[in-house]
Amino acid sequence: MFSSVPFHGPSFSDHEPVLTQALTSFLPRYLLEQRDVEVNVRDKWDSTPLYYACLCGHEELVLYLLANGARCEANTFDGERCLYGALSDPIRRALRDYKQVTASCRRRDYYDDFLQRLLEQGIHSDVVFVVHGKPFRVHRCVLGARSAYFANMLDTKWKGKSVVVLRHPLINPVAFGALLQYLYTVASKPGTCVKVLTIEPPPADPRLREDMALLADCALPPELRGDLWELPFPCPDGFNSCPDICFRVAGCSFLCHKAFFCGRSDYFRALLDDHFRESEEPVTSGGPPAVTLHGISPDVFTHVLYYVYSDHTELSPEAAYDVLSVADMYLLPGLKRLCGRSLAQVLDEDTVVGVWRVAKLFRLARLEDQCTEYMAKVIEKLVEREDFVEAVKEEAAAVAARQETDSIPLVDDIRFHVASTVQTYSAIEEAQQRLQALEDLLVSIGLDC
């Protein structure tokens, strides 16, 4: 029975504004950006987070979900349902104004955002195109990798030029800007023709990331091109990626571009832009400046290289441990997530505790959750393993001023996943057996929680 004594402390209503703000701002960002939860997930009523945000009147959350890929196309079930259920006129206007709730509302990941900033801000650009008086700061490496025409012109007619003036009457700034937008992000503005003079547009399927990976191919030292993943990486004839920085790694020289490394990593931005350099020396006469990186092997740096340029690298679980450590040091959270996905493939009774420790150390929330979910499935075997027992003890000891009945995060997560597997009556007994095995372990080591 609940006590009838009135409670004189602060009520829920006193904290409601703060709690509401936390739930509608921090929590969605945490789930999407840290837990990698699907933004269009559906519940048993076939409802999405966007629908509930519209229904409850959380305008800021609606805008955040739309910007991160929530589906709300016009003339569809989801689109019309959100419009009909919207609690306020500002939300309805937001849905209509967001490009008329069309299919073009798609989540743009961090890689696409980086390329957009690279185009808009012209960071570390090395050539300026002036089209009828309007300047465009761009990067030779991007244009050369994305267009055979630009690669040829930059190596012949425009070679060595820092400013290229285009006065042809058929070229106008709007069309040229649309072409650059397409080359950098494959997101040209609707209704804008990007066919300018004799510049050949990219193919229908431009494979943006594969083209950018060409820059990584050309940055590889010759001694690494022939045996990495058993694939040759020859640069196209006549293509000069115009590197402006050389990274020396254990005697190997990687010819790279500041725009990519500074744009994707705060570590490299501080190292290169803020002159916080480990070492610098000329590579050869007239070559780009060199920076020596310590504590990393050429093979590991190659994974960093391909991730920086193309947002992807082929990672074996064995290599993931070394790459993860470097990705954390170089402030590359996306590469850390790729390592986490690779490590998730090797979960078994022998490795799950070790992988869980790594996930906690490097703050890989999704991988940590996958580990505890796997632990829940094999908990009856894990309780007999010394490494698991030690992990439970360490988790308990990490709780500040722990009392006898305080919870242990690892134990709580396992209990949650055990309970979440109970979907039928027949599964209840199996879940009870798993929970009992865990409780027996806690009692045997003096951790009643």
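## A walk from H10 to the S4 loop

Start by selecting residues 208-219, helix H10, together with helix H14 (298-310): their axes come within 8 Å and cross at roughly 145°. Axes here are lines fitted to C-alpha atoms, for helices over the stretch in contact, and angles run from 0 to 180 degrees between N-to-C directions. Helices are DSSP runs of H or I with at least four residues, strands are E runs of at least two, and both are numbered from the N terminus. The H10-H14 crossing is right-handed, a label given if the near helix is turned clockwise from the far one by less than a right angle.

Before going on, a word on the model: it is predicted, so local features need pLDDT of at least 70 and side-chain atom pairs count only at pLDDT 80 or more, while totals for chains, interfaces and linings use all residues. Residues are numbered from 1 along each chain as its sequence is written, and side-chain values use heavy atoms, with hydrogens and water left out.

Next, show the side chains at the crossing of H10 and H14. On the H10 side, Arg209, Met212, Ala213, Leu215, Ala216, Asp217 and Ala219 make the contact (heavy atoms within 4.5 Å). From H14 come Leu305, Tyr306, Tyr309 and Ser310. Colour them by class and you get eight nonpolar, one polar and two charged residues. In that scheme Ala, Val, Leu, Ile, Met, Phe, Trp, Tyr, Cys and Pro are nonpolar, Asp, Glu, Lys and Arg are charged, and the others, Gly among them, are polar.

Now step off H14 to Asp311, in the loop between H14 and helix H15 (317-329). Its phi is near 70°, a positive value in a residue other than glycine. Asp311 is buried, with a relative accessible area of 15%; buried means under 20%, exposed over 50% and partly exposed in between, using a 1.4 Å probe and protein chains only.

Jump to strand S7, residues 289-293, where four of the five residues are buried. Add strand S4 (245-249): S4 and S7 pair in the parallel sense over four bridges, pairing being called when DSSP finds at least two bridges. Pick Cys246 and you'll find Ala290 of S7 opposite.

Follow S4 to the loop before strand S5 (252-256), where Ala250 sits. Ala250 also has a positive phi, near 50°. Is Ala250 buried or exposed? Exposed, with a relative accessible area of 62%.

Finally, zoom out: the protein has 22 helices and seven strands, and 43% of its 449 residues count as buried.
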